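Me: I would like to learn how to read a structure that I have never seen before. Could you take me through it one feature at a time?

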Amino acid sequence: MQLKRVVVTGLGALTPIGNNIEEYWNALISGKSGSAPITYYDTEKFKVKFACELKNYKTEDHFERKEGRKLDRFAQYALVSSDEAILDSKLDLEKLDKFRVGVIWGAGIGGLETFQNEVMNFANGDGTPRFNPFFIPKMIADIAPGNISIKHGFMGPNYTTVSACASSANAMIDALNYIRLGHCDVIVTGGSEAAVTIAGMGGFGAMHALSTRNDSPETASRPFDATRDGFVLGEGAGALVLEEYEHAVARGAKIYAEVAGGGMTSDAYHMTAPHPDGIGVVRVMQNCLKDAGLSIEDVDAINTHGTSTPLGDVAELKAITKVFGEHAKDININSTKSMTGHLLGAAGAIEAIASILAMEHGIVPPTINHTTVDENIDPSLNLTLNKAQKRDVKVAMSNTFGFGGHNACVVFKKID
């Protein structure tokens, strides 16, 4: 069976450094940090008092009051970013076969704030179970793609992938396969997360996973730096419209890039720690290249998972060196989490978008906040430190890994 080609024809973003694609990209190449003191709740008793919140986002700017009250923030973010991507794609929704248009979305946690608030309200009451009738439909992770499909009438495959921080990368790979196997013409994919909450920050803080640099939040996310001490939690969403190549060409669509392939593996090692030898990460990149029919020499840029954790950054870079050998020195390697923080289930989507825009504009965004060399990291690697670098990127890879050992890798290439 001849697999169909799949391309990207629409992009949407809602991130801690920009509330649309243009703002997001301009912030990326200028090296803007999205980390700042938390404004959502009183952090006085919390060890970590900062995160990468959205800036200037108001529910009422996007939803009528009654509608907004029915949506957890993670679902709001999904709708806002997917609306931008669909508009960007210039799809004529009236001419589409809606049964061949799907929505496959990623979320690592879903409606955490809704769950937190409902349980806290019950705990603070007299024991009478007074729960909001929208509690469950606001909370469940699959409600994000459900709402996207309801709004636009898309009646193809509709579900959420949940694989922690790899969730939206897995969603993109599923979307790729549905289209190239001929089951769909168009799929809206991506991911959203809204875990900057009392429960989210408290939970990750208890794991000692977060940076504690309360004195300098804007420099706290520092992938590959010797003084890194954990990730910075972020929130937001990224959306991509994937489309069958001939379908896109027939309607004269703008094509950003081709989705060349995807890979998935499991570390089968630990609940939260990466395998120290990066065995699963090595194989996921190899699987991705094999699926795409590309060689190691084809890859120009890698947007790493690069969370700014002591173990994870080193393991990933060692895996890249093992896969790419001497060619690793010729690749622009970066971590945009240095600017956006870690968006958990939405990370794969916004980082894939960063990779695609790097190809379109010929500029690789930097890894900011690097000041101290880590002796455990090969100094010959180009980590795109502190300043964006111009480069003709023909093939870009995006890595995303999640708690539980989930590894996902997606590779994009310039359209022929």
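The dialogue below goes through the sheet, some helices and two single residues.

Reply: Keep in mind from the start that this is a predicted model. Let us begin with the sheet.

Me: How many strands does the open sheet have, and in what order do they lie?

Reply: A sheet is read across its strands, and the order in space need not follow the numbering. Here the open sheet has 10 strands in the order 5-4-6-7-1-8-14-13-9-10, and their pairing is mixed. Strand 5 (158–161) and strand 10 (332–334) stand at the edges with a single partner strand each, so one side of each has no neighbour in the sheet. Direction ignored, neighbouring strands of this sheet are turned by 25 degrees against each other on average.

Me: Which strands pair with strand 7, and in what sense do they run?

Reply: Pairing is read from the bridges between two strands. Strand 1 is joined to strand 7 by eight bridges, and the two run antiparallel, while strand 6 and strand 7 also pair in the antiparallel sense, over eight bridges. V241 in strand 7 shows both pairings, since G10 stands opposite V241 and V188 stands opposite V241 as well.

Me: Are the residues of strand 7 buried or exposed?

Reply: Nine of the nine residues of strand 7 are buried. G236, G238, L240, L242 and E244 point one way, whereas A237, A239, V241 and E243 point the other way, and all of them are buried.

Me: Which helices lie against the strands?

Reply: For a helix on a sheet, one asks which strands the helix meets and at what angle. Helix 6 (residues 143–152) lies across strand 4 (101–106), strand 5 and strand 6 (186–193), and runs at about 155 degrees to strand 4. Helix 13 (residues 347–361) packs on the sheet too, touching several strands, among them strand 1 (6–14), strand 7 (236–244) and strand 13 (395–402), and its direction makes about 170 degrees with that of strand 13.

Me: What can be read from helix 11?

Reply: An α-helix has 3.6 residues a turn, so residues three or four places apart point the same way. Helix 11 (residues 310–324) has 15 residues and reaches 22 Å from its first C-alpha to its last, close to the 21 Å expected at 1.5 Å a residue. Its buried residues include G312, E316, A319 and V323, and what covers the buried residues includes helix 10 (279–292), strand 9, strand 10 and strand 13. Helix 11 is followed by G325, whose phi is positive, near 60 degrees.

Me: What caps the N-terminal end of helix 3?

Reply: The ends of a helix deserve a separate look. At the N-terminal end of helix 3 the cap is D72, with a side-chain oxygen 3.0 Å from the backbone nitrogen of F74. Helix 3 (residues 73–89) is mostly covered, with 13 of its 17 residues buried, and K90, which follows helix 3, has a positive phi near 60 degrees.

Me: Where is C165 found, and why does C165 count as buried or exposed?

Reply: The UniProt annotation "active site", from an unreviewed entry, covers C165. C165 is found in the loop between strand 5 and helix 7 (167–180), and C165 counts as buried because its relative accessibility is 7%, with the cut-off for buried set at under 20%. Leaving aside neighbours within four places in sequence, the contacts of C165 include H305, H342 and T400.

Me: How accessible is F122?

Reply: F122, which is found in helix 4 (residues 112–123), is partly exposed, with a relative accessible area of 34%.

How values were computed:
Residues numbered from 1 in each chain as written. Predicted model: local features only at pLDDT ≥ 70, side-chain atom pairs only at ≥ 80, totals over all residues. Heavy atoms only, no water. Pairing = 2+ DSSP bridges. Helix = DSSP H or I, 4+ residues; strand = E, 2+ residues; numbered from the N terminus. Axes fitted to C-alpha atoms, helices over the stretch in contact; angles between N-to-C directions. Contact = heavy atoms within 4.5 Å. Buried < 20%, exposed > 50% of the residue type's maximum accessible area, 1.4 Å probe, protein only. Polar contact = N/O pair within 3.5 Å; in protein donor to acceptor, adjacent residues only side chain to side chain. Expected span 1.5 Å × (residues − 1). UniProt positions renumbered as here; feature names shortened; annotations may be inferred.
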